[in-house]
6 protein chains.
Amino acid sequence: MPTLYITRKAHFNAAHQLWNSNLSEQENLDLFGKCANPHFHGHNFELFVCVKGQPNPKTGLVMDLKDLKKIIEREVIEPLDHQNLNLDVPWLDGTMPSIENVVVAIWERIEPHLPWGAQLHKITLWETQNNFVEYYGEN
Amino acid sequence: MPTLYITRKAHFNAAHQLWNSNLSEQENLDLFGKCANPHFHGHNFELFVCVKGQPNPKTGLVMDLKDLKKIIEREVIEPLDHQNLNLDVPWLDGTMPSIENVVVAIWERIEPHLPWGAQLHKITLWETQNNFVEYYGEN
Amino acid sequence: MPTLYITRKAHFNAAHQLWNSNLSEQENLDLFGKCANPHFHGHNFELFVCVKGQPNPKTGLVMDLKDLKKIIEREVIEPLDHQNLNLDVPWLDGTMPSIENVVVAIWERIEPHLPWGAQLHKITLWETQNNFVEYYGEN
Amino acid sequence: MPTLYITRKAHFNAAHQLWNSNLSEQENLDLFGKCANPHFHGHNFELFVCVKGQPNPKTGLVMDLKDLKKIIEREVIEPLDHQNLNLDVPWLDGTMPSIENVVVAIWERIEPHLPWGAQLHKITLWETQNNFVEYYGEN
Amino acid sequence: MPTLYITRKAHFNAAHQLWNSNLSEQENLDLFGKCANPHFHGHNFELFVCVKGQPNPKTGLVMDLKDLKKIIEREVIEPLDHQNLNLDVPWLDGTMPSIENVVVAIWERIEPHLPWGAQLHKITLWETQNNFVEYYGEN
Amino acid sequence: MPTLYITRKAHFNAAHQLWNSNLSEQENLDLFGKCANPHFHGHNFELFVCVKGQPNPKTGLVMDLKDLKKIIEREVIEPLDHQNLNLDVPWLDGTMPSIENVVVAIWERIEPHLPWGAQLHKITLWETQNNFVEYYGEN
């Protein structure tokens, strides 16, 4: 049986700020520059969720992409879209919302909900058209 | 002499909120839904500035795109990038920052700085990959 | 008051075939080549709906894009997505589904539903990444 | 000698339907929803073929991309473009044309034709702008 | 009968240099900066040809896009692809190859070959992902 | 601590030619076809630099993307943008500028400048919208 990697894309718009609350305002501005703007800035984030598995002989599918879409919607897009990543999201509370940290948190949200036989392989998060981060669950 | 339309693209990331301060919180939420989130949300805005003119016989150019780039940078990108459109931009003060209103304000910023023979023709502003606004200076 | 043009994007996947039922099979194959494949072929269509108007002073918006999205969904995307444009769509019955004819039919579907003050300006339909058609309601 | 991965992109438009002929119509509709539309739907498929190898010291190339383009054209694009994946393609006969199954069949078509020193590494197939599948030949 | 605008996209890769041979080397460097590099630089140019007309009742098409593709290929892509716009193209001889001047020359190449009922409406030429020029045949 | 892969995108425009100076003109034309045009051709190259590491607990970042941007600008974009890859770049001297060879040279330029804890993982270089090369530093 062949092993395949299927990916579903989604997007959300959010505000955030790079700010470490254990540091002074000056230290934050020195570390993060304009990304530390106290009134926040924002992005159109693009999210790709990649799942690994073998196609079900009955359906020809690794998993139903409509199910994967629903999981992503419920676990990630609804809680994050049009929100402030520093202030509005309980499961990001205490997390500096760099895309590195957000992508790890998204992995934790999605991984428990995948059906038997579908293994989470990679989460990719684009912050702008010029930068993105990838996470394979490596620790 | 032929008439040509040249366009330069730029982008900025900003936070904003749809909120009319003459209305109650409930009225704002009813009008704007999640776009009225009091903690703001944000976007990667894409801006296209289109200038109309006839190419200079000496240079073959309607205008030097490096000059147009500098005008856009100084007048729009520096003041807006990584800012909060509701709170941080003096020339948007008192303006509800819908993309409709922002694009008109951007026209006013750029138009006085174009060189002789180059006429501002259109400003286009993409808010997400799914919606944008165009303005031709029509009143 | 400034006049602005706002555009909302949507997409649908459909099968179609270029085939004129008043002509013979040979004439159809001569006219349309592989686009006349009797078992159909298909596309990911991208639709842009552009509306013209002046922003409402209370909201700063030409019209609520969530309303425009709902109109497009109900009138165009639901009836066309994952359908066969030759066989499955009552309001395309008797219409050769070239993108030229489909875009005129889409105009007729959307135009009656726009709110007061928002005027349909242009429908754009991309068939592939290499070709698209635009319609301004000109007859 | 460095090892490099070169990728060539191609595209084709086709109709298909998710339908398991061993199941009843109702079971197919329950399993696949609108993807089981009996009149088919379709997509603009984007195909990426990635080949691994070391650059030839004489040419600086892993392989001539014009040769790779010809192989992809002859083996995949000509047989699939403007066709119905359920009905028109002998080498997909008996295969439920999910992108998972199609991508494995494409691997089998391309792999025997690569020149000495160029190893097929990955086939990627985008079905819509929101989902794609990758195959590395793993069984 | 509705009036429609259909557009076909093509692309070519070419080298060029902004250089006015009536001026000194220093004047050219002052005017054009790095765009005057005497060893040339280059681009992936994207070309959009937009044709206006009414769909033929028999075919539903403004014109056959395969015919438009052939005209663009023969008149523009073959003479320009992988060429040097300053040195290799007889019909650009004596023309400073700014995109403004190139787009006017492309209009002249395509316009005489369109079939009866199809009117050339606009030529668009992207030089990079950040700038493009449009020409409507206005003089 | 999770391991993450962050990528930064940049672009440059350049001329090049596929030409092996140890071969005759006829052999070059036979090997490389129109890519051997003696007057050069060119591209808008897109470069992606991917760095692997663990986020710094203080900043939440694998490395400061502004620093990565500066390294890419100084080491790659400034020396290559608007240049001729065959003639103008000392560190490509003697290198046939296929994208395979250029991407290996770019790896050597960037790798020594990354900060402690950030490991160069992959360089990707797109030559046109239809082909790209990836390098992981494998020898």
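Here are some numbered notes on this predicted model, covering the fold of chain A, how chains A and B relate, the salt bridges and two unusual backbone angles.

1. Let's start with the layout of chain A. Three helices and five strands make up its secondary structure, and along the sequence they run in the order β-α-β-α-β-α-β-β. If you draw a box along the principal axes, the C-alpha atoms of chain A fill roughly 60 × 25 × 25 Å.

2. Next, the packing of chain A. Of its 139 residues, 60% are buried. Among contacts in chain A with a separation of 6 or more, 68% join residues 24 or more positions apart. The accessible surface of chain A is about 5700 Å², and carbon and sulfur atoms account for 48% of that area.

3. A word on charge. Chain A carries 11 positive and 18 negative charges, and the mean positions of these two sets lie 14 Å apart.

4. Now for the way chains A and B are related. Chain B superposes on chain A after a rotation of 180° with 0.0 Å of shift along the axis, at an RMSD of 0.0 Å. The two copies are therefore related as by a two-fold rotation axis. Both copies also use the same surface, since 100% of the contact residues of chain B recur in chain A.

5. On to the salt bridges. Side chains of opposite charge can pair when their charged atoms come close. Over all chains, the whole structure holds 36 salt bridges.

6. One pair to look at on your screen crosses between chains. B:Lys34 and A:Asp81 form a salt bridge through their side chains, at 2.6 Å from N to O. B:Lys34 sits in the loop between α1 (25–32) and β2 (41–53) of chain B, while A:Asp81 sits in the loop between α2 (65–80) and β3 (83–84) of chain A. The two partners differ in exposure: B:Lys34 has 44% relative accessibility and so counts as partly exposed, whereas A:Asp81, at 11%, counts as buried because that value is under the 20% cut-off.

7. Chain C offers a salt bridge within one chain. The side chains of C:Arg109 and C:Glu75 meet at 3.2 Å, N to O. C:Arg109 belongs to helix α3 (residues 99–110) and C:Glu75 to helix α2 (residues 65–80), so the pair ties together parts of chain C that are 34 residues apart in sequence. C:Arg109 is partly exposed at 22% relative accessible area, and C:Glu75 is buried at 9%.

8. Chains D and A are worth a look too. In chain D, D:Arg74 forms a salt bridge with D:Glu75, with 3.0 Å between the closest N and O atoms. D:Arg74 is partly exposed, with a relative accessible area of 43%, while D:Glu75 is buried at 9%. In chain A, a network of salt bridges links A:Arg74, A:Glu75 and A:Arg109.

9. Finally, two backbone angles that you may want to check by eye. Most residues other than glycine have a negative phi. B:Phe40, which is not a glycine, has a positive phi of about 75°. B:Phe40 is found in the loop between α1 and β2 of chain B and is buried, with a relative accessible area of 10%. B:His82 also has a positive phi, near 60°. B:His82 lies in the loop between α2 (65–80) and β3 (83–84) of chain B, where B:His82 is buried at 7% relative accessible area.

Terms used:
Residues numbered from 1 in each chain as written. Chains lettered and ligands numbered in written order. Predicted model: local features only at pLDDT ≥ 70, side-chain atom pairs only at ≥ 80, totals over all residues. Heavy atoms only, no water. Salt bridge = Lys/Arg side-chain N within 4 Å of Asp/Glu carboxyl O. Helix = DSSP H or I, 4+ residues; strand = E, 2+ residues; numbered from the N terminus. Buried < 20%, exposed > 50% of the residue type's maximum accessible area, 1.4 Å probe, protein only. Contact = heavy atoms within 4.5 Å. Areas by Shrake-Rupley, 256 points an atom, 1.4 Å probe, with all protein chains shown as cover. Lys, Arg positive; Asp, Glu negative; His and termini not counted. Charge placed at Lys NZ, Arg CZ, Asp CG, Glu CD. Least-squares fit on C-alpha atoms with pLDDT ≥ 70 in both.
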